Amino acid sequence: MISTLPHIVENAASMFPEREAFRCGKASISFTELDVKTNQLSAYLRKKGLKKGDRVGIYMDRCLETTLAVYGIMKAGGVYVPLDSLAPHPRTLFLLEDCGIEFLVTTPKQFKRVSALLAANKTLANIVGISKEIGVDAIGWEAISEISLESYSPVEILETDLAYIMYTSGSTGAPKGIMHTHLSGLTYAKSAAEVYEVTKEDRIAGHAPLHFDISTFNYFTSPLVGAANVIIPDAYTKLPASLSTLIEQEKISIWYSVPLALVQLLTQGVLEKRDLSCLRWVLFGGENFAPKYLRELMNEWPQATFCNVYGPAEINQCTYYHVPSLPENDMQIPLGKIWKSAIHKILDEQDLEVPKGEAGELVVATPTMMQGYWNNAALTMKSIFIAKNAKEIDQKYYRTGDIVRENENGELIFLGRNDRQVKLRGYRVELDEIEAVLTRHEGVEEAAAVINKVDENTTGIYVAVILHANQVFESDDLIAFCKSHLPSYAVPHQIEIRSNFPRTSSGKIKRSAITTI
């Protein structure tokens, strides 16, 4: 029976021994090889003193070794902590210290960066993936592959044990670590496999980096059913034309990414030259997908089912919306309905359920929910709503912070963030609404709205936008458009046209870094 995440690989090796499990570039690994190699890493980590519950950092770019790291760490009873290898060193050092990480799994490519981390960090004591002299105990991947498994025995792991900690940006500026158990990760993998009818014949595109929560679909769901997962090398993610070629060559059947990657494929991927008829699911999530782009992509890939995936990293996923047909206008795509493994409520500011059709904060109870925030009990408590009534004795719900309403079909409509709602001159203004309106403009590709100081006594709305290629519009044109679609108090005081935005490593707009010039 599959009751923990490592059981996924053990079961796949038994059922689909020679099938390709993961591929990256020209390198690939079968389920049998994956099982053996992750056992070898597990044996090494335990020999070096890793104890159940210890945190282990994974410091890599997109590569095949990430699969060995994820499952090898969990098989040893450890908790994997994905680290962005392109993040500034102060952030990485904070995560290493915050999690008390002594073991780091990496690749030779990261030698210089790891050396710099070691120079500033005193907790790291063992490096896996580098054979050079580096100042602490280290071992290369070739040596790991030679470890004998003659006396190997698996670690006893419970479904309630921690499996991984994934860091996201916190509202205070300090990263927050989201703790997921084997139960939450495995329940998500099983639910996703059911909703998207994933089979062993599928080939799934692993577009997301390991430190982004979308990656759990690729690393957990695909091996659960014996499907192949194609990890897309970093170079391809930056060149949409070569990425579309890769999708064609690998005969990808399931794609999952943030909308930005799909927009780039649409506008720069030379799709008219590609045969992507193997695509049967196109999943997107993380941000709103402008209907005008979605409409174009659905025209390009009529054989595929498009799905809006929703769920904060704290609960993996909780809703889905299979787009039934081409959007006829620029109305927002619904978040959809809550899936089978979750229940929800929509609450007002007094934590009372709102009448159907009215707006409120979405709270969700689900076995895919995190255990809490690492080293932050206060934030964990703040994020939980506890239902106290005869039917739900102390049922815990996660407060998403997302404002939604339910439409007549029982589908949730996203209205904005409760922390993206601001008050200007006595009016409540949704910054997300302003962005949504601007992306309906024919010339606007993306928009990011923030609040800033107009002068010493006045606060206003500032919006940065990126225009479509070859489009020529002035800021005054866009402000006039806003005036015809927004109430006067929500019209931006300034719109600046830019060539690019600051972004997180997962491709989301980094609004905290949007400043006026």
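## Cysteines

Let's start in the interior: cysteine 482 is buried, at 0% relative accessibility. Cysteine 318 is buried too, with a relative accessible area of 0%. Please keep in mind that this is a predicted model.

What is the number of disulfides in the structure? The structure has 0 disulfides. For cysteine 318, the closest cysteine sulfur belongs to cysteine 307, and the two sulfurs are 12 Å apart, which is too far for a bond. A disulfide would need the pair of sulfur atoms within 2.5 Å.

## The open sheet

Next comes the sheet. Its 9 strands form an open arrangement with mixed pairing, in the order 2-1-11-10-12-13-14-15-16. At the edges sit strand 2 (27-30) and strand 16 (337-338), each of which pairs on one side only. In general, the strands of a sheet pair through backbone hydrogen bonds, either parallel or antiparallel.

One pairing to look at is that of strand 13 (residues 281-285) with strand 14 (residues 305-310): the two run parallel and are joined by 5 bridges. Within this pairing, phenylalanine 284 has asparagine 308 of strand 14 as its bridge partner.

## Helix 8

How many residues of helix 8 (residues 215-225) are buried? The count is 11 of its 11 residues, so the helix is mostly covered. Among them are the aromatic side chains Phe217, Tyr219 and Phe220, along with Ser215, Thr216, Asn218 and Pro223. Leu224 and Val225 are also on the buried list.

Just after helix 8 you will find glycine 226, with a positive phi near 85 degrees.

Conventions. Residues are numbered from 1 along each chain as its sequence is written. This is a predicted model: local features need pLDDT of at least 70, side-chain atom pairs count only at pLDDT 80 or more; totals for chains, interfaces and linings use all residues. Side-chain values use heavy atoms; hydrogens and water are left out. Buried means under 20% relative accessible area, exposed over 50%, partly exposed in between (1.4 Å probe, protein chains only). Two strands pair if DSSP finds at least two bridges between them. Helices (H or I, at least four residues) and strands (E, at least two) are DSSP runs, numbered from the N terminus.
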